[in-house]
Every structure is written in structure tokens, then in C-alpha cells.
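Here's a quick briefing to keep beside the model while you click around. It goes topic by topic, so dip in wherever you like.

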Amino acid sequence: METIAKSAPLNRPAELWRLKKRPPKMLLQEDEQVSNNTLHSAGEIGNTLPRPRPCGGPFRLQASILVQDRQEDPLVLRCDASSSSSLAVEAAEFDAKAFRHNLTRSKNYNRKGFGHKVETMELMNREYTSDIIKTLKENGNEYTWGNVTVKLAEAFGFCWGVERAVQIAYEARKQFPTEKIWITNEIIHNPTVNKRLEEMEVKTIPIEEGEKQFDIVDKGDVVMLPAFGAAVEEMLALSERSVQIVDTTCPWVSKVWNMVEKHKRGDYTSIIHGKYGHEETTATASFAGKYLIVKNIKEATYVCDYILGGELDGSSSTREAFLEKFGHAASKGFDPDTDLIKVGIANQTTMLKGETEEIGKVLERTLMRKFGVENVNKHFMAFNTICDAFQERQDAMYKLVDEKLDLMLVIGGWNSNNTSHLQKIAKDRGIPSYWIDSECRIGPGDKIAYKLNHGELVEKENWLPKGPITIGVTSGASTPDKVVEDVLVKVFDLKREELLQLA
Ligand code: SF4
């Protein structure tokens, strides 16, 4: 165990906790829970530590599994048969770029907020920031409480796109205090933030038999689009209903949409590196002309092998087998024999950068081989659309796993793609790593329920090593610092109990 110069007794988090201001009345419900549970346990060490909050509501295991399952199922829009159905518009005839251009200039559309930024940021700071994280940052991202040393990744937590989306959502509530507010999907993949919005009476458009029920939205209602964006068909359905649209789509995601629109104009097929069924990839595909979604380098290599007639690695076979493999992840009428002659690359912003680059390279080499190096620009188009914020979190994670750590805590929504990639980095390095979405996954006792990066849920007893420990900590781009604090408080609580038993 290395010596850590900067340290504090184990009761330090409790002192910090008391400094926290009370949230305003508007969000009192959860605060009352916190306040009621700041109970002191017996014993000298325990007197100053807060008890963790009770777990329930959206944190229930089953609820999160349902969210995850739902995300994997592609959704279908249900349109009013009497209206001019948006879905009847064939992709080839429909100019999504012109539609988006006109929509963003209409008076019922807002993507910049309503002038309440200062007060909503204050509110968010009270809700989501953490004094423990502040202490860590002030001390070079490393600090010791009692016998627990925490090493925090240099980049972690809320990215600016997520912060911006949540802030605009808060502004919308303030701007429209009495109107019904809907959202087409979770604003971000974090249960704490989503619960907050529920408390603010922001309702998710219901889904029946896999179809979003837009009929529930009335003229004059407000509808928010989440940070991952929304499919063009959803925007069409909403614009036909004369609702106020508040668009929180991250500009990085819009940048990818611009890219696939460019492919479409040049008659290139968009090869989208992403997860079929993920909201962002669904939205991106809706702006593309012809598209094919590949989830990893293995699938991309299969596509390249098909382009080269089996001469790359022999992994592909017939046209029928290709369509069976990718039919669900390709545009309507996709034909691998005619639609892979000109291709452009695009990505879901939270895929691993290295893998997107690898896919771009294998495609480029394939098209060079097929059509000649001198013709590659006529057959391949690529621009960098990988999000900087997510890249920084990955790079920081690679740096953190080089440290001497007893275990890693990866904190973020269980349906968060970027968090799963962070978890994978720790796992690949052989560090015991636990991906949890809230402190409620810890306990009772020394037990933890966590997710592996490929989605499996597991439980483990006695997961915390005895004695002094060093924990690496990171959090996904949708995770407020407060959630990280709650997790650390729970760990400190367990270690405090261990000390009490030894005393
Ligand atoms: S991770 Fe990147 S693309 Fe996603 S919301 Fe954040 S800034 Fe935007």
C-alpha cells in the first residue's frame, strides 16, 4: 500500500455532507428522504457518518432491467391514420435536411433554452454536485478517508452535452410551469436524473405493444427531445401536432446527422458503427438514405469480406446470408450487391474511438482493393465524428487502470453505452471492477449487485477487501457527481463498520 500524504479521518464525508444546502421546495421530496436518513449510528467512528439513503423506486433491479430490455427493442411510431402519415413518406422522396432546417426555425421550436440559465444551473449544482468530488479535485484526484484511498479518473461524469440537455429541460419546466411536458425517451441514461424529471411532472410518451403513443400529446403541450436526439419520423409526427418542441439533442449527435445527410446527397451508403436499437443510432439512421449498422469490427470485416467476394477472410457467404444477418439493421430494400459500392462511415458517439477508426480503415482498404487506390475517394467518405467528451473519459480510464488499485467502481446507468465501455477497459486490465448505477446496488452487508460490460447481472458477497484499500473511481457521461458521492459514502460506511468490529 503506497503512502498517501493527503488524508482525512473516516468521518470527513459526514462533515462535508452537512455543508450541503437544502434543495429548493420544488424538489423537496427526495431531500426529505435524505434528511430523514441522516441518522447517526452508535460508536465513536459512526457518530458523524450519514446513513445511506433507502433504496427503491427507479433504483429497483427489475425496473432497470426493463429499461435495458426496452432499449434493445426497436420502436415503431403509431401515426394517426387520418393525418398525412409521416411514415408513409419514403426515405428517397423525403428531404430530412430541409425538414430539420425548417423545423429549427419555426416558432414552436427551441434548442437554446429560455433565458433561465443562471437559476437552473444553481439548482442543478445543489442537486447534482458533490463535496467529496470537490475535495478529490482539489487534491489532484486522490484522497484518503480513514482506510479508504480514492483515486478518481481525470475525466469522468457529466459531459457538457448531458449537462446542457438537463439544464435545458430544467429551463423548460420553469418556462412552462402549467403546461403538460412530455419527453420522447429518457433524457439521458441515468436513473437519478430521470427520477428528478418525473418529480417535475415531465412524462415519458407511453409505449404500447412497441409503439410510441403520440396521440396522447395535445396541441399546446410541450415535448422534449432527449440528448441522444429523436428519429426524424418522431419530429414529423410532433410538428404535425403543433406542440412546442424543446430539443436537447447534443450538438455532437447533430454533427453525425449532418454527416449521414452528406452521404445521402452523394449517394453513399452510411455504414453506422453503433448498436441497433440504441436511440441515438435509430435517430442517426432516420436521417440517412441507405444505411447499414455494424456493431463491431467483426461485423465490419464480414461486410468487407462480402464486398471482396470472400477474399478478405472468408467470413461472409451468400447474399441471402448477408441479408439474414443484417436485414434488421439495414435500410429498407438494402441490397449488398449494389449498395456497398460507395460507402461513408458514421458512428454512435459513444462507441470506442479505436474501433470506429479500425472499421473506417478496413472499409477504406477494402474499397481501395476493389476499385483501385486512385478511385478510393469516389467510393469512400470519412470524417471524424467521435465525441471529444467521451474520448476524454476513455483516455482517463486507460490512465487510471495503470495505477495500483484494489478494485474499480464504474458508476453509471445500466443502459449507458459509454459506461459499459469504461467497465470493459477495467475488465480487460484484469482489475476487479463493479459497474453500478446507484449506491442502492451495495448491500445489505458486504454484498454488491453489478453489471458486466456485456450486460450480465451478477451479485457478489464480500466484495470489499479487508483493511486499507485503494479504489479507482469513474462515472459515465450521464452520471451526476452526487450519485458517485452516495456510492462512496456507502463504501465508507462499510469500512467504518469493519473498523468498529475490530475495535
Ligand atoms: S457523450 Fe458526447 S455526444 Fe454524448 S451527450 Fe456527451 S458530449 Fe454529447
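**The five-stranded sheet and its helix**

Five strands make up an open sheet with parallel pairing, in the order 3-11-10-6-7. Before going further: this is a predicted model, where local features need pLDDT of at least 70, side-chain atom pairs count only at pLDDT 80 or more, and totals for chains, interfaces and linings use all residues. Residues are numbered from 1 along each chain as its sequence is written.

Two terms first: helices (H or I, at least four residues) and strands (E, at least two) are DSSP runs, numbered from the N terminus. Two strands pair if DSSP finds at least two bridges between them.

- At the edges of this sheet sit strand 3 (109-110) and strand 7 (202-204), each pairing on one side only.
- Strand 6 (residues 181-183) runs parallel to strand 7, and three bridges join them.
- One bridge to look up is that of I181, whose partner in strand 7 is V202.
- Helix 7 packs on the sheet, touching strand 6, strand 7, strand 10 (222-225) and strand 11 (244-247). Here, two residues are in contact if their C-beta atoms, placed from the backbone, lie within 7 Å.
- The direction of helix 7 makes about 175° with that of strand 10. Axes are lines fitted to C-alpha atoms, for helices over the stretch in contact, and angles run from 0 to 180 degrees between N-to-C directions.

**Around the ligand**

- Which residues come nearest to the ligand? Of the 15 around it, they are C159, G161, C250, W252 and C387. A residue is near a molecule or strand if its C-beta atom, placed from the backbone, lies within 6 Å of it.
- Helix 7 (160-175), helix 10 (251-265) and helix 16 (388-400) are the elements that give two or more residues to this shell.
- Helix 7 supplies the largest share of the shell, three residues.
- Sorted by class, the shell holds 11 nonpolar, four polar and no charged residues. For the classes, Ala, Val, Leu, Ile, Met, Phe, Trp, Tyr, Cys and Pro count as nonpolar, Asp, Glu, Lys and Arg as charged, and the others, Gly among them, as polar.

**The four-stranded sheet**

- Four strands form an open sheet in the order 13-12-14-15, again with parallel pairing.
- Strand 13 (291-294) and strand 15 (380-382) stand at the edges with a single partner strand each, so one side of each has no neighbour in the sheet.
- On average, neighbouring strands of this sheet are turned by 25° against each other, direction ignored.
- Strand 14 (residues 343-347) and strand 15 run parallel and are joined by three bridges. In that pairing, I345 stands opposite A382 of strand 15.

**Helix pairs**

- Helix 16 packs with helix 17 (residues 417-428) at an angle of about 20°, and their axes are 9 Å apart. The two are therefore roughly parallel, a label for angles under 35 degrees (over 145 is roughly antiparallel, 65 to 115 roughly perpendicular, and the rest oblique).
- F390, R393, Q394, M397 and Y398 of helix 16 make this contact with N418, H421, L422 and I425 of helix 17. These residues divide into five nonpolar, three polar and one charged.
- Helix 10 packs with helix 11 (residues 279-287) at about 35°, with the axes 8 Å apart.
- From helix 10, V253, V256, W257, V260 and E261 meet E280, T284 and F287 in helix 11. That contact has five nonpolar, one polar and two charged residues.

**Backbone oddities**

- Most residues other than glycine have a negative phi, and most peptide bonds are trans.
- N141, in the loop between helix 6 (131-138) and strand 4 (142-145), has a positive phi, near 65°.
- The peptide bond from G443 to P444 is cis, with omega near 0°. P444 is in the loop between strand 17 (433-436) and strand 18 (447-451).
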